[in-house]
Structure formats: structure tokens, C-alpha cells
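Q: Hi! Could you walk me through this one while I have it open on my screen?

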Amino acid sequence: MKDKHARPFVAATFAMTVDGKITTKNLTPVDFTSREDKLHLFRQRALADAVLIGHTSLKRDNVRLSLPAELQQARIRRKQTPAPLRVIVSNKGRIDSELKIFQSASSPILVFSTMQMPRKTQAALGKKAILHLAESDDVDLGEMLRILRSQYRVRKVACEGGPTLFRSLLERGLVDQLNLTIAPYMFGGTKAPTLTGLSKEFLPASVHCRLIDMRIVGEECFLTYRIKHRRRWNQTAPGDADAARVRPRSLDK
Ligand SMILES: NC(=O)c1ccc[n+]([C@@H]2O[C@H](COP(=O)([O-])OP(=O)(O)OC[C@H]3O[C@@H](n4cnc5c(N)ncnc54)[C@H](OP(=O)(O)O)[C@@H]3O)[C@@H](O)[C@H]2O)c1
């Protein structure tokens, strides 16, 4: 019998500076990685059945989330669709139907949002995408992943950020792999988001990142981590030396 609670494997791909920034404070598109990194992002996308993006990244970067022809051909040879499904997440649903993604027919687009989406937007997007609108204020990311698996047969998701969405997934224990490129720059500034966004809060539980692959190309380092979600901080058992070692100091007070 099929497990109706099963979710797809989730692999996130990010590039960050040496000081942990994924963009600058204005969230304007910054091109701080090499051609090799861009190819790396495409290759990760090509391995997935669906590519997932948060509304702010979609809006700021105005990406189509499609694939170069040779990667589409490789997927066809593997008996896959030419490109992964494209999945957009937004709570408020104020998504501009003129964004480039909606002008490209490379693969179906799914929008997971809520009934907060204005009626006019529902009508405009409904012509270009499949809408999943929840009654709740926020999209339930776990439920979204289960729907992707059960209704769209998605086994692997490539999450392309941004950090707010990534952090939400991490907080819910929904990330399995992180592909991280370290680019040879520092941006500085507390207002420029890190990989887990701008929140001053600790994650609710420690996240262990086990390095499974490392590659250096030019001045960039390509890291692959397997993510293990651990117990919540306040559930750390006494004598759990491993967890205690990574417990943030301020939580010990
Ligand atoms: N360096 C990199 O590798 C990399 C990768 C990706 C993005 N970026 C950069 O990251 C910046 C944007 O990041 P960001 O953190 O501000 O935005 P984001 O994560 O792309 O998007 C945040 C938005 O996504 C929706 N969202 C997030 N979590 C959700 C949840 N649990 N349920 C439902 N909707 C959710 C909300 O949309 P609504 O507001 O519509 O409700 C939220 O405002 C951009 O500048 C982009 O260039 C960098």
C-alpha cells in the first residue's frame, strides 16, 4: 500500500559569500558566482521532478526556471519530462502574472498559496498555472510536499530558495540535502540575508550538515551536505554530548 504521508526528497541549492551572505541588503539580483556555478544550479534542477521557489526570489530575480536544451535532451533520454514542474510558494498570493516564468511554457507551473490571493490574481494566474489555495493563513509546506508526491508523482524537489522559504522548510525538518557553493567574496552587513535569512532567532532544533562531497573549481568550493534534523534544543537529553557540543551558548543560561 502506498504511504499517503510520504514526501519527496528535498535538495536545496544556494550560493553564498565567504561571510555567509546570499545577496545584498536590497535583495537586488547580484551576480557573484561563476559560469560553473550557474551550470551546477541547472544540473541540480535537471535532476529533480519539481523545482521550488519562494515568491520574493521569483519576483526579484524574475527567473523562468527552465533548462538549457542539452539538459532537456538528457532528461528525455532518461525517460523524464523535458523539464521539472515549476512550483511557486506564496502566502499572500500577490503574484504578478506578467513575470517571465508565466511567459515560458517549458513545464507546468503550480502555485501553492492561500485564499488571501486576490480574486483578480486568481483569474489571471489560473490561465497560466495550477492553483492550490489553502483556507489557512499560511501554506502548509509539509502538506504541499505530500501533494506533490501523491498527485504529481514528484520524488525529488530542487529548492532554489530563497532563505525565508529554506528556513521554513528547515524548521519543519523538510530538507534532506544542501548543495552549497562558496564564492570568493565578502559582503558584510547585518541587513544582507544569510543562508537562513535575517531572523535573529535560533532554529528550533539543531541541524547537522554531514559533508558528503566537496569539489573546488577555480576559486569556488562546491559542497554537498546530507541534512540531519535533530531533537529540539530543549529536548536534549542530559549526557547527549554530541547535541550539547552544538547547543548555542545562550540557550544554556
Ligand atoms: N544566493 C543564492 O543562492 C540565492 C538563492 C535564492 C534566492 N536568493 C536571493 O534571496 C532573496 C529573496 O529571499 P527571501 O528570503 O527574501 O525570499 P524567498 O524565500 O524567496 O521568498 C519569501 C516569500 O515566499 C513565500 N513563503 C516563504 N515561506 C513560505 C511558507 N512557509 N509558506 C508560504 N509562503 C512562503 C512568502 O511569499 P508572500 O510574501 O507572497 O506571501 C514569502 O514572503 C533574493 O534577493 C534572491 O536573489 C539567493
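Q: Let's start with charges: how many salt bridges does a search of the whole structure find?
A: The search turns up eight salt bridges. Keep in mind that this is a predicted model.

Q: Okay, which residue does R167 form a salt bridge with?
A: R167 pairs with E171, and their closest N and O atoms are 2.7 Å apart.

Q: And where do R167 and E171 lie?
A: Both sit in helix α6, four residues apart, which is about one turn of the helix. An α-helix has 3.6 residues a turn, so residues three or four places apart point the same way.

Q: Is R167 buried or exposed?
A: R167 counts as buried because its relative accessibility is 8%, and the cut-off for buried is under 20%. E171 counts as partly exposed, at 30% relative accessibility.

Q: Which other residue forms a salt bridge with E171?
A: R172 does, with the closest N and O atoms 3.9 Å apart. R172 is partly exposed, with a relative accessible area of 47%. Elsewhere, E36, R43 and R215 are joined into one network by salt bridges that share partners.

Q: Back to α6 for a second. Which of its residues are buried?
A: P163, L165, F166, R167, L169 and L170 are buried there. After the helix comes G173, which has a positive phi, near 70 degrees.

Q: New topic: what does K38 meet in a salt bridge?
A: The side chain of D31, at 2.6 Å from N to O. D31 is exposed, with a relative accessible area of 63%, while K38 is partly exposed at 33%.

Q: What about E220, where does that lie?
A: E220 is in strand β9, which covers residues 220-232. E220 is buried, yet has no salt bridge.

Q: How far away is the nearest side chain of opposite charge to E220?
A: That is K38, 6.9 Å away. A salt bridge needs the nitrogen and the carboxyl oxygen within 4 Å, so this pair does not count as one.

Q: Then what does the side chain of E220 make a polar contact with?
A: The side chain of S34, at 2.5 Å.

Q: Good to know. Now the ligand: which residues come nearest?
A: There are 24 residues around the ligand, and H55, S57, S90, N91 and T164 come nearest.

Q: How far from an oxygen atom of the ligand is a polar side-chain atom of T164?
A: It's 2.5 Å for T164. S90 also has a polar side-chain atom 2.6 Å from a ligand oxygen. With G162, a polar backbone atom is involved, and the distance to an oxygen atom of the ligand is 2.9 Å.

Q: How much of the ligand's accessible area does the protein cover?
A: The protein covers 87% of the 930 Å² that the ligand has on its own.

Q: Which helices and strands each supply at least two residues of the shell?
A: β1 (9-17), α2 (55-61) and α6 (163-171) each do. So the α6 we talked about, home of the R167 and E171 pair, also takes part in the shell around the ligand.

Q: Last one: what classes of residue does the shell around the ligand have?
A: By class, the shell has 10 nonpolar, 11 polar and three charged residues.

Definitions and conventions:
Residues are numbered from 1 along each chain as its sequence is written. This is a predicted model: local features need pLDDT of at least 70, side-chain atom pairs count only at pLDDT 80 or more; totals for chains, interfaces and linings use all residues. Side-chain values use heavy atoms; hydrogens and water are left out. A residue is near a molecule or strand if one of its heavy atoms lies within 4 Å of it. A polar contact is a pair of N or O atoms within 3.5 Å; within protein, one must be able to donate a hydrogen and the other to accept it, and residues adjacent in sequence count only if both atoms are side-chain atoms. Accessible areas come from the Shrake-Rupley method with a 1.4 Å probe; for residues, only the protein chains shown count as cover. Ala, Val, Leu, Ile, Met, Phe, Trp, Tyr, Cys and Pro count as nonpolar, Asp, Glu, Lys and Arg as charged, and the others, Gly among them, as polar. Buried means under 20% relative accessible area, exposed over 50%, partly exposed in between (1.4 Å probe, protein chains only). Lys and Arg count as positive and Asp and Glu as negative; His and the chain ends are not counted.
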